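Hi,

Here is the structure I said I would pass on. Have a look at it first, and then read my notes underneath.

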Amino acid sequence: MREDIFIESDFAYTDTKLACPECDLVHAIADIKEGEQGRCIRCGALLFVRHRNSLDRALAFAITGLLFFILANMFPLLTFELDGRSQSNRLIDGAIAFLDEGYWELGIVVFVSSVLAPMMVLVVLVSLLLPLRLNRLPVLPQFQIRMLMHLRPWAMSEIFILGIIVAFVKLSDFAEVSIGLSLFAFILMVAATVMAYLTLDDEALWSRLDEVKS
Amino acid sequence: MTEKFVTAQSIDAVSCPLCNLLVSNSYRRTKSNHCPRCDGELSSRKKNSLNRTWALLITASILYVPANIYPILTLVSFGKSTTNTIVGGVLELMDAGQWTIAAIVFIASVLVPIFKIVALFFLVISVQFNFKWQPKRRAVLYRFTEFIGRWSMIDIFMISILIALVKLQAIATVEAGAGAIAFAAVVIITMFAAMTFDPRLIWDKLGEKV
């Protein structure tokens, strides 16, 4: 494939070629089938994906995720019972508990990674993709897309689920622990977020943005 | 390696760090150092990559000690209190016969942080001293290290849930310990260390000698 690469001596910028983000090797963007991935021929990094109706699907998953996120905040995650007394916790309570105990650094970390970043990812996805779907330009599209990229590693809902499972197992040794409605909503929210990310094709997003602009 | 590879650097261009658009250096010199597509700042390689990664790794290694020595949580139940360190928490799960969960916590809280620190040290050293060894394997090692790092947060989330849930004054309460702060710092600082390391440096040094 490398023979195809002919680089004009003075180009300003181009979206017909791209350099691998992990090893800098230049690739021509190949016509791949929907559902396929393009990987770097030298280091194997993922370069691009194609999905049918990528943006519509990602929007559908993001809206679903946002609805489940709201539900996940309305009911208890777990209920703990010991000696006739019981206590429940909501999603946000973990962060608040750290703040109350004076561990504010941990409170902030837990708030950002389990509540704020996962919520912002979904909100930004909807506020980008919904206007595009309706042929309108999103507010500050470049800023929103950059924010999405920066938020990605800090949204840790899927890890939070494992944290819940470990806490559940630890407690069920000496007390009665039951699962709340919000836990199901939270798991579905994580599934929807993962699907939204998997189906979102960055190139499709940029070209749709260009289409709407013109 | 006899073939000459065409990299963005070799054609006097850069790849936008955020949106991956290929932008020429002449555009950067004459127009703007911001990406024409996403408006993010352009740079050929991550800034001060090696120095930053070194600094973050050394910090994380130092914090790793208090993270494992100090307790991460204390459970007080009917006047009896038990204190857990990271490893203690795993042992307790094993005693209770919860092997699967014990294995998950052991991997996430003990193996992953050690693996990550060792792997990143190996990667920075390999770039610093121009190792030629297996660039592809090192690239895969980097990708794997970056992917697994976040999973160490399991214990921090577990603690946050326990302290929020178990607060029945006289009957049972859970308190966080100082080890939790150090441990969270190790996880986050190593995440930053993985982000500041630029995997392209693995390949750059190879090209120089060809």
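Below is what I found, going from chain B as a whole to a sheet and a helix pair in chain A.

Before anything else, keep in mind that this is a predicted model.

Let's start with the overall build of chain B. It has 8 helices and 6 strands, and along the sequence they come in the order β-β-α-α-β-β-α-α-α-α-β-β-α-α. How does the radius of gyration of chain B compare with the globule rule? The globule rule gives 17 Å for 210 residues, and chain B comes out at 22 Å, well over that, so the chain is more spread out than a compact globule. The C-alpha trace of chain B spans about 70 × 35 × 30 Å along its principal axes. As for burial, 45% of the 210 residues of chain B count as buried. If you take the contacts in chain B between residues at least 6 apart in sequence, 64% of them join residues at least 24 apart.

Now over to chain A, where there is an open sheet of 3 strands worth pulling up on screen. The strand order is β7-β6-β8, and the pairing is antiparallel. The edges are taken by β7 (85-89) and β8 (176-179) of chain A; each has a single partner strand, so one side of each is left without a neighbour in the sheet. On average, neighbouring strands here are turned by 20° against each other, direction ignored. Strand β6 (residues 78-82) of chain A runs antiparallel to β7(A), and 5 bridges join the two. One pair to click on is A:Glu81, whose bridge partner in β7(A) is A:Ser86.

Chain B comes back in at this point: its helix α6 (residues 154-165) packs on the sheet and touches β6 and β7 of chain A. The direction of that helix makes about 140° with that of β7(A).

Last item, the helix pair. In chain A, the axes of α2 (residues 93-100) and α3 (residues 104-133) come within 7 Å and cross at roughly 170°. Anything over 145 counts as roughly antiparallel, so that is what α2(A) is to α3(A). Which residues meet there? From α2(A) you have A:Gly94, A:Ala95, A:Phe98 and A:Leu99, and from α3(A) A:Trp104, A:Leu106, A:Gly107, A:Val110, A:Phe111, A:Ser114 and A:Val115. By class, the residues of this contact divide into 8 nonpolar, 3 polar and no charged.

Cheers

Methods. Residues are numbered from 1 along each chain as its sequence is written. Chains are lettered from A and ligands numbered from 1 in the order in which they are written. This is a predicted model: local features need pLDDT of at least 70, side-chain atom pairs count only at pLDDT 80 or more; totals for chains, interfaces and linings use all residues. Axes are lines fitted to C-alpha atoms, for helices over the stretch in contact, and angles run from 0 to 180 degrees between N-to-C directions. Helices (H or I, at least four residues) and strands (E, at least two) are DSSP runs, numbered from the N terminus. Angles under 35 degrees count as roughly parallel, over 145 as roughly antiparallel, 65 to 115 as roughly perpendicular and the rest as oblique. Two residues are in contact if their C-beta atoms, placed from the backbone, lie within 7 Å. Ala, Val, Leu, Ile, Met, Phe, Trp, Tyr, Cys and Pro count as nonpolar, Asp, Glu, Lys and Arg as charged, and the others, Gly among them, as polar. Two strands pair if DSSP finds at least two bridges between them. The radius of gyration is taken over C-alpha atoms; the globule rule is 2.2 Å times the number of residues to the power 0.38. A residue is buried if 20 or more other C-beta atoms lie within 10 Å of its own, exposed if 12 or fewer, and partly exposed in between; C-beta atoms are placed from the backbone.
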